[in-house]
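Subject: The two-chain model, handed over

Hi,

Here is the model I promised you. Have a look at it first, then read on for what turned up.

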2 protein chains.
Amino acid sequence: MIDKLIEKIKKTGAPIVVGLDPTLKLIPPHILKAAFDKTGETPDGVSEAIFEYNKGIVDAICDIVPAVKPQIAMYETFGIAGLIAFDKTVKYCKEKDLVVIGDIKRGDIGSTSEAYAQGHLGKVILGGKEYRGFDEDFATVNPYLGSDGVKPFMKVCAEEKKGIFVLVKTSNPSSGEFQDKEIDGVALYKKVGEKVAEWGEELMGKNGYSYVGAVASATYPEQGKLLRKIMPNTYILVPGYGAQGGKGADLVHFFNKDGLGAIINSSRGIIGAWQQEKYAQYGEAAYADAARAAVLDMKEDISSALS
Amino acid sequence: MIDKLIEKIKKTGAPIVVGLDPTLKLIPPHILKAAFDKTGETPDGVSEAIFEYNKGIVDAICDIVPAVKPQIAMYETFGIAGLIAFDKTVKYCKEKDLVVIGDIKRGDIGSTSEAYAQGHLGKVILGGKEYRGFDEDFATVNPYLGSDGVKPFMKVCAEEKKGIFVLVKTSNPSSGEFQDKEIDGVALYKKVGEKVAEWGEELMGKNGYSYVGAVASATYPEQGKLLRKIMPNTYILVPGYGAQGGKGADLVHFFNKDGLGAIINSSRGIIGAWQQEKYAQYGEAAYADAARAAVLDMKEDISSALS
């Protein structure tokens, strides 16, 4: 799947992943109204509205980006109804041949981690038949529990030719509280990065990059530069661009000299573009066209930074 | 909710939480058969079987333990169908007045962490009505992202009078890979423990313990002893007893002098007791009675260790 991701990045010329992180405030009122008219103002109605909203965006961007990243928390907040919208969204994006990165930040140990991995990347077998739970292509994984937490995901990745992105340096202001603390003169995030590189060697794709990727934020470009060096074969998923403050120029050092090695996420900046002054001319009804325009602008911003 | 937990621990005399971590291998064949006869050998059938299995155990133990801890990974592995069984299990346990600790190990940042917190401990408001997602009483939380990840959970806990247990020192062999690494001569897990104590001061219950608890494993009793000292008002959720190797004697230092401050988890050791030689006389049909007997033995083991 890392090979498919790289091929699609090359084909679209856009090292961009669109975060499908719906909130009630981002969904255009006409979509909410249509759903609530059918179901009432309930979690089932929200579930339907989220899916319609996502579908519009996916239809508008699926030919110009390689991947999407639904953030499961935004669905899980509505319980089962929300997770049904997550499930439908993943399926729909895959129908549109997008690579789906499940931003699930799961992490546990042993058979428990394997259960998460099976539910999100793999399958269960019942009565000789395969059943897939959420079936994303990639998942984000939390490394705090060490190899015992990550290896079961890798096992499923090897079987399924899928991948993970391990949290290394997150985008938030307090990410330094633990991640930046020095261990024998080396920051924890760097230790984790070294481990990611080591894990990655066991699962290499054909294009020189591993199935085991890393998350490192655009809001910390210096740390990104360091991580790029110690994880040469690791694809870096880069959050923090746009709404969180990261700019095109901050992204340069996350890429390798081959122009590959990083994929930049934007969520609100794309899916909420219709609410921004810059894209106001699209209006609520054409929210998906606003998202497409925002993707094209982001692509341009990254291209000029890289050239 | 920490006060309710403490009252129930005092009333039952059992600082025990039963992990409801169902796997196909642990469910008695007659329960699987009954479910599959209705639905076919499908995830829906597994969902029904899991719930029936859990219900039997809950009915058999609800008067002798204060709390249960369903591990959501074991449900999530079956996708939506599995999560429906999780949801039903949480509701059923609450009907039986058990305190429910959702072992979800979630952790993200800002509004994303808040979305998880609302989905698992809080509510969403739609059309003036409250809707609750999974509605556990406590949730386990991963601290790798720092305060930005934990504070949104605390915000929801303050509103709902619910609690969290933050992962500090996990039970697995590789937990030391990052957690034991020394920062300025102090292990990371200890730094996290200090942070948990600090966070906890903001959310104190009436009984001298905080709504912000910690997870520290029985498989590392020395670390538990240290954590007990630096987090005097923190309730410690202790995994690793039983199947994972922790013994009664290892538990002593997790408790405070008031006999409180720790709650010990056992999962397979209780819910899979019917498969152990020691409880073989119960047979498959009386698997729930075997679970009850295993709880009573565990209670005895802890009591003698503490006295």
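Let me start inside chain B: strand β7 (residues 163–169) of chain B and strand β10 (residues 212–216) of chain B run parallel and are joined by 5 bridges. If you want a spot to zoom in on, Ile164(B) sits opposite Val212(B) in β10(B). Keep in mind as you go that this is a predicted model.

That pair belongs to something more extensive. In chain B, 8 strands make a closed barrel with parallel pairing, in the order β1-β2-β3-β6-β7-β10-β11-β12. On average, neighbouring strands of this sheet are turned by 30 degrees against each other, ignoring direction.

Chain A has its barrel too: 8 strands close up as β1-β2-β3-β6-β7-β10-β11-β12, again with parallel pairing. Here the average turn between neighbouring strands is 30 degrees, direction ignored. For a detail on this side, take strand β10 (residues 212–216) of chain A, which pairs in the parallel sense with strand β11 (residues 236–238) of chain A over 2 bridges. Ala214(A) has Ile236(A) in β11(A) as its bridge partner.

Now the helices of chain B. Helix α1 (residues 2–12) of chain B lies across four strands of that chain, namely β2 (67–70), β3 (99–106), β7 and β12 (262–266). Against β3(B), helix α1 of chain B runs at about 125 degrees.

Then there is a helix pair to look at. Helix α2 (residues 29–39) of chain B and helix α3 (residues 43–61) of chain B have axes that come within 8 Å and cross at roughly 140 degrees. The crossing of α2(B) past α3(B) is right-handed. From α2(B), the residues involved are Ile31(B), Leu32(B), Ala35(B), Phe36(B) and Thr39(B), and they meet Asp44(B), Gly45(B), Glu48(B), Ala49(B), Glu52(B) and Tyr53(B) in α3(B). By type, the residues of this contact are 6 nonpolar, 2 polar and 3 charged.

On to how the chains sit together. A turn of 180 degrees, with a shift of 0.0 Å along the axis, lays chain B on chain A with an RMSD of 0.0 Å. The two copies are therefore related as by a two-fold rotation axis. Which C-alpha of chain B is nearest the axis? That of Ile183(B), at 2.4 Å from it. Both copies use the same surface, as 100% of the contact residues of chain B recur in chain A.

How many residues of chain B are in contact with chain A? The count is 52, and they touch 52 residues of chain A. The most on the chain B side comes from helix α6 (residues 110–120) of chain B, which gives 6 residues. That side of chain B divides into 24 nonpolar, 18 polar and 10 charged residues.

One contact between the chains is worth opening up in your viewer. The axes of helix α5 (residues 79–95) of chain A and helix α5 (residues 79–95) of chain B come within 10 Å and cross at roughly 170 degrees. Angles over 145 degrees count as roughly antiparallel, so that is the label for α5(A) and α5(B). Gly79(A), Ile80(A), Leu83(A), Ile84(A) and Asp87(A) in α5(A) meet Gly79(B), Ile80(B), Leu83(B), Ile84(B) and Asp87(B) in α5(B). The contact of α5(A) with α5(B) is made up of 6 nonpolar, 2 polar and 2 charged residues.

Cheers

Technical notes: Residues numbered from 1 in each chain as written. Chains lettered and ligands numbered in written order. Predicted model: local features only at pLDDT ≥ 70, side-chain atom pairs only at ≥ 80, totals over all residues. Least-squares fit on C-alpha atoms with pLDDT ≥ 70 in both. Contact = placed C-beta atoms within 7 Å. Nonpolar A, V, L, I, M, F, W, Y, C, P; charged D, E, K, R; others polar. Pairing = 2+ DSSP bridges. Axes fitted to C-alpha atoms, helices over the stretch in contact; angles between N-to-C directions. Parallel < 35°, antiparallel > 145°, perpendicular 65-115°, else oblique. Left-handed = near helix turned anticlockwise from the far one by under 90°.
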